[in-house]
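Colleague: Could you pick one part of this model and take me through it closely? I'd like to see how it sits in the rest of the chain.

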Amino acid sequence: MPVVDARHLTAISETALLTLHQRATEAARPDGIIEDPMAVTLRDSLGYDYEHFGRTHQATALRALAFDEASLRYLRAHPRAGVVALAEGLQTSFWRLDNGEITWLSVDLEPIVRLRQELLPSSDRLHHLAQSAFDHSWMDQVDATDGVLITAEGLFQYLDQESVFDLIAACAARFPGGQLIFDSVPRFLSWYSQRRGIRLSKQYTAPPMPFSFTADRYDELRSIPGVLAVHELDMPAGRGKVLSRGADLVYRSKRLERFRAPTNVVEFG
């Protein structure tokens, strides 16, 4: 692959480089928790100073694994489903999940779509749409005959609650029998990101995250017409006994629901 300059990505779009770097660094480790050779190749094909982001960690790979596990459960029951990846950024989920039958629609802004089409392998079952995920016209491109799985990985926290809930309501009305997977952050982290900023290095501060949502608020989603069920995913096992045991404790405690960053599955009836 040629090296392509990615320094034009800014603000929320720049987080696509951050998460790619985190996931690829984890995948490249001998003891990495995720297998993602496509991410390593893609990262190395982009001209960007990744040291700009500071230290790497497991969290992004753990989130990707949680999305993968939930997606595979749905795809085992609906092997020919249409998958819609909203604001997919530089994720490489298609190549980790592809069963040879799914169709995949990647919806993102034009600069990201251009990079994906230039640097990632093509497939007649992989399509791109250059537009905002909140322009609901992408739904017209989805064949729901064999089921629909929608993912919003690392997206909703950067938006406002009204836009998020409107999108979920539109998906529930349009895709009965489908599912949506999204991650979110607790209120204290949202507050901190907006007031003080989450500084990952001397050079980089993550964008503010105005939307917070935790498992103790699931009734708000259950009240949306067409939403059949909402549940939280377990955190996959990470590297190291302390992390694994600590995460298991945090993610199984009812009392800690409002303090953790959940990965959520919404089932449409």
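**A close look at strand 6**

Modeller: The chain has 9 helices and 9 strands; these are DSSP runs numbered from the N terminus, H or I over at least four residues for a helix and E over at least two for a strand. Its radius of gyration, taken over C-alpha atoms, is 18 Å, close to the 18 Å that the globule rule (2.2 Å times the number of residues to the power 0.38) gives for 269 residues, so the chain is as compact as a globular protein of that length. Before we zoom in, keep in mind that this is a predicted model, in which local features need pLDDT of at least 70 and side-chain atom pairs count only at pLDDT 80 or more, while totals for chains, interfaces and linings use all residues. Residues are numbered from 1 along each chain as its sequence is written, and side-chain values use heavy atoms, with hydrogens and water left out.

Let's take strand 6, starting with the sheet around it. Seven strands make an open sheet in the order 5-4-3-6-7-9-8, with mixed pairing; two strands count as paired if DSSP finds at least two bridges between them. At the edges are strand 5 (126–130) and strand 8 (227–232), each pairing on one side only. From one strand to the next, the twist averages 15°.

Now the neighbours. Strand 6 (residues 148–152) pairs with strand 3 (residues 82–86) in the parallel sense, over 4 bridges. Gly82 stands opposite Val148, and Val83 has Leu149 as its bridge partner. Strand 6 also pairs with strand 7 in the parallel sense, again over 4 bridges, and there Ala152 is partnered by Phe182. As background, strands of a sheet pair through backbone hydrogen bonds, either parallel or antiparallel.

How covered is strand 6? Of its 5 residues, 5 are buried, where buried means under 20% relative accessible area, exposed over 50% and partly exposed in between (1.4 Å probe, protein chains only). Val148, Ile150 and Ala152 point one way, Leu149 and Thr151 the other, and all are buried.

Two helices help fill in the surroundings. Helix 3 (residues 59–77) packs on the sheet, touching strand 3, strand 6, strand 7 (179–183) and strand 9 (263–268); contact here means heavy atoms within 4.5 Å. Its direction makes about 175° with that of strand 7, using lines fitted to C-alpha atoms (for helices, over the stretch in contact) and angles from 0 to 180 degrees between N-to-C directions.

The other is helix 6 (residues 161–174). Its buried residues are Val164, Phe165, Leu167, Ile168, Ala170, Cys171 and Ala172, and what covers them includes strand 3, strand 6, strand 7, helix 8 (218–222), strand 8 and strand 9. An α-helix has 3.6 residues a turn, so residues three or four places apart point the same way. Helix 6 also has Glu162, which is exposed at 57% relative accessible area. Glu162 and Ala66 are 96 residues apart in sequence and 26 Å apart in space, C-alpha to C-alpha.

Stepping back to the chain, 52% of its 269 residues count as buried. Among contacts with a separation of 6 or more, 73% come from residues 24 or more positions apart.
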